[in-house]
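This report deals with the backbone. The sequence and the structure come next.

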Amino acid sequence: MLFRRFGLAAIAALVAGTGFAMDGVSVTATYRERIAMPPGTVFEARLEDVSRADAPSILIGAVRIEDAGNPPYAVTIDVDPAAIDERFTYAVRASLTHEGRLLFTTDTHVPVLTRGAPDAAEIVMVRVASSEAAAAAPLHGLDLPASFTGDLPCADCEAIRHHLDLWPDQGFHLRRVWIGGAAPLVRDHVGHWSLDPARNALVLWTGGDARLEFAITDAGALRLLDQDGQPIVSDLPYELTSLGRLDPIDIALPMIGAFTHFADAASFVDCRSGRRFPVAMEGDYLALERAYMDARAEPMAPVVATIDGQVTIREGMEGGPVQTVTVDRFDALWPGLSCERARADASFDNTYWRIHWLDGTTLDGVPGTREPHVVFRPDAYGATVGCNRINGGYERTGETGLRLLPGAMTRMACPPPLDEWERRLVEVFGRVTSLRILGPTLALLDDDGAVIARLEAVYLP
């Protein structure tokens, strides 16, 4: 999309007498969650005069789409040029509503038209948490919160045992255990769920585009759907049945969430599910707290962290059982990263990964050089720390196995610290055996499972 920027001198010339020489503001809006919108969802984009901080904004123009469907949404807001004053500030915001309930909205200021801003806006809306989700769930045959269990068929083992906990705020926990296979396998997931009303289906988003889908039966059970979201025609048991109550299971897994510490109390908001937990002051908690105290911008400001953690039932500070996060291993803090952006996993390939840290060394970048980064294409990668270009191939095995293969490299003489960073990059890439993606963060691990590189996705797919 072309952004046409106006300098103040050009604006002044255009405004003389009749205002801007333009017809409208182009708006493209989307959201990062992989959630299908129900029929009847309404999209609205509004252009407003937001010049006065101490007064309500003034509506300049708006576009409304009934039954908008799924993103992206592209509209043009018609503008009367005479209504635009180059001395004022204008902004666009967007929203999605369903049956009067706000689902997604703009959470940042998106300026347009004046003060050097373009006449086009690209908006990423954020989801609005709502207690009304609890009221909506029973309409689709679910009475939440509740736990669902069952042993589902397995191609190369006896069964896959499922325990699924669902909350009305659209968060879930899932444990799957492969029984009788070649090796014991347990996988835990946290994430958010959505409903597809057209199919009366429950969709569990387990990370990135990965998902499990279940048809909601008339009896309130969940029947697994195939990878294309279609019914599985079989006499085998593909159903999870409700326990009729919530009986949450303990889970352990890598987690990404917003950590906050204040007045000897700590909380962790899991970015995938949006659920908030108190944090037990044990395990590797002190390392997380020290890093937070060093990194926070102001008191009680949340900072996104990656950890290996557990969610277990503990006695709460005010009595009674409470689900609590325990930090088994603190990995890293990601200042500047929002939980909304961390909600969906970035794709490994065709993503620009900024290199933050290599085996004990932080790469802050050097002014006048390219920032340290790597881009993985479907069959090769290209990387640099700001000097030479390093190219190579890679091999993937399973979901997490990764080996980086050496390739061609330019041979310029690199000044400090780029020379040392480059040697470290080559050495680290040679030791990589697996990867872990949490939201927009990528960890590269060695044979011992130790993190030897940390990267962040700059452009999410």
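The text below covers cis peptide bonds and positive phi angles.

The model is predicted: local features need pLDDT of at least 70, side-chain atom pairs count only at pLDDT 80 or more, and totals for chains, interfaces and linings use all residues. Residues are numbered from 1 along each chain as its sequence is written, and side-chain values use heavy atoms, with hydrogens and water left out.

Most residues other than glycine have a negative phi, and most peptide bonds are trans. The residues described here depart from one or the other pattern.

Cis peptide bonds are listed in the table.

| Bond | Omega |
|---|---|
| Pro-71 to Pro-72 | near 5° |
| Pro-416 to Pro-417 | about 0° |

Pro-72 sits in the loop that runs between strand 3 (58-65) and strand 4 (73-78). Pro-417 belongs to the loop between strand 27 (401-405) and helix 4 (418-429). Helices (H or I, at least four residues) and strands (E, at least two) are DSSP runs, numbered from the N terminus.

Positive phi angles come next. Gln-170 is not a glycine, yet its phi is positive, about 75°. The loop between strand 10 (159-166) and strand 11 (171-179) holds Gln-170. Gln-170 has a relative accessible area of 18% and is therefore buried (under 20% relative accessible area; exposed is over 50% and partly exposed in between, with a 1.4 Å probe and protein chains only).

Asp-359, also a residue other than glycine, has a positive phi near 45°. Asp-359 is located in the loop between strand 22 (352-358) and strand 23 (361-362). Its relative accessibility is 28%, so Asp-359 counts as partly exposed.
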